[in-house]
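Here are a few short exercises to work through with the model open beside you. Try each task on your own before reading the solution.

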Amino acid sequence: MTAVLDNTQVTVMIDRSGSMGAPSKRYPGKTRFEEAAELTAGLAAIAAKHDASGKIDLVFFGGSVDHVEEVEPSRVFDVFAGSTPYGGTDLTGALTVVLKK
């Protein structure tokens, strides 16, 4: 199964809407957005092994859509730290960014 992932570009879409500031049910003391950072970091470490560049793209959607390209797994938490949950859930905008790439 992992051979299928070889030489792919992995893009992770992350909900950054206001509701992601709510408390996490899985990680006491953290928000849902912080939970998403934990899960994305784990996924990035796995995906980077199969991506030709060793990096992934992150697309945040909420009050705006932001595309952060070529993120090394070690930088995932830094990228999340520079972002704050707010606004609605602009899934259409995020999908548009991903599909145009």
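**Exercise 1. Classify Lys30 by its accessibility, then find its place in the chain and its partners.**

Solution. Start with the accessibility: this is a predicted model, and in it Lys30 has a relative accessibility of 30%. Buried would need a value under 20% and exposed a value over 50%, so Lys30 counts as partly exposed. Next, place the residue: Lys30 sits in the loop between β1 (11–15) and α2. Now look for contacts, leaving aside neighbours within four places in sequence: Lys30 touches Ala22, Pro23, Ser24 and Glu38. Finally, look at the side chains: those of Lys30 and Glu38 make a polar contact at 2.7 Å.

**Exercise 2. Decide whether Ser83 is buried or exposed, and list what its side chain meets.**

Solution. First, find Ser83 in the loop between α3 (76–81) and α4 (91–100). Its relative accessible area is 11%, and the limit for buried is under 20%, so Ser83 is buried. Second, set aside the neighbours within four places in sequence; Ser83 is then in contact with Arg16, Phe33 and Phe60. Third, pick out the polar partner: the side chain of Ser83 makes a polar contact with the side chain of Arg16, at 3.0 Å.

**Exercise 3. Describe the geometry of the aromatic pairs that involve Phe60 with Phe33 and with Phe80.**

Solution. A useful reminder before you begin: a pair of aromatic rings is described by the distance of the centres and the angle of the planes. The structure holds three aromatic pairs. Take Phe33 and Phe60: their ring centres are 6.2 Å apart and their planes meet at 50 degrees, so this pair is tilted. The pair links distant parts of the chain, with Phe33 in helix α2 (residues 32–48) and Phe60 in strand β2 (residues 56–61), 27 residues apart.

Now check how covered these two rings are. Phe33 has a relative accessibility of 5% and so counts as buried. Phe60 is buried too, at a relative accessible area of 2%.

Move on to Phe60 and Phe80: the centres lie 5.1 Å apart and the planes are at 75 degrees. Planes over 60 degrees apart count as edge-to-face, so that is the label for this pair. Because Phe60 lies in strand β2 and Phe80 in helix α3, the pair ties together parts that are 20 residues apart in sequence. Phe80 is buried, with a relative accessible area of 4%. To finish, put the rings together: Phe33, Phe60 and Phe80 form one aromatic cluster.

**Exercise 4. Which residues form a nonpolar patch on the surface?**

Solution. Look for Leu91, Leu95 and Leu99, which make up the patch. Together they have about 300 Å² of accessible area. Then take one member, Leu91, which lies in helix α4. Its relative accessible area is 40%, so Leu91 is partly exposed.

**Exercise 5. What is the phi of Glu70, and where does this residue lie?**

Solution. Begin with the backbone angle: Glu70 has a positive phi of about 55 degrees, although it is not a glycine. Then place it: Glu70 belongs to strand β3 (residues 65–71). Last, check its cover: with a relative accessibility of 35%, Glu70 counts as partly exposed.

Methods:
Residues are numbered from 1 along each chain as its sequence is written. This is a predicted model: local features need pLDDT of at least 70, side-chain atom pairs count only at pLDDT 80 or more; totals for chains, interfaces and linings use all residues. Side-chain values use heavy atoms; hydrogens and water are left out. Helices (H or I, at least four residues) and strands (E, at least two) are DSSP runs, numbered from the N terminus. Buried means under 20% relative accessible area, exposed over 50%, partly exposed in between (1.4 Å probe, protein chains only). A polar contact is a pair of N or O atoms within 3.5 Å; within protein, one must be able to donate a hydrogen and the other to accept it, and residues adjacent in sequence count only if both atoms are side-chain atoms. Contact means heavy atoms within 4.5 Å. Rings of Phe, Tyr and Trp (its six-membered ring) pair if their centres lie within 6.5 Å; planes under 30 degrees apart count as stacked, over 60 as edge-to-face and the rest as tilted. Patches are made of residues with over 30% relative accessible area and no salt bridge: like charges are joined within 9 Å, nonpolar side chains (Val, Leu, Ile, Met, Phe, Trp, Tyr) within 5 Å. Accessible areas come from the Shrake-Rupley method with a 1.4 Å probe; for residues, only the protein chains shown count as cover. A salt bridge is a side-chain nitrogen of Lys or Arg within 4 Å of a carboxyl oxygen of Asp or Glu.
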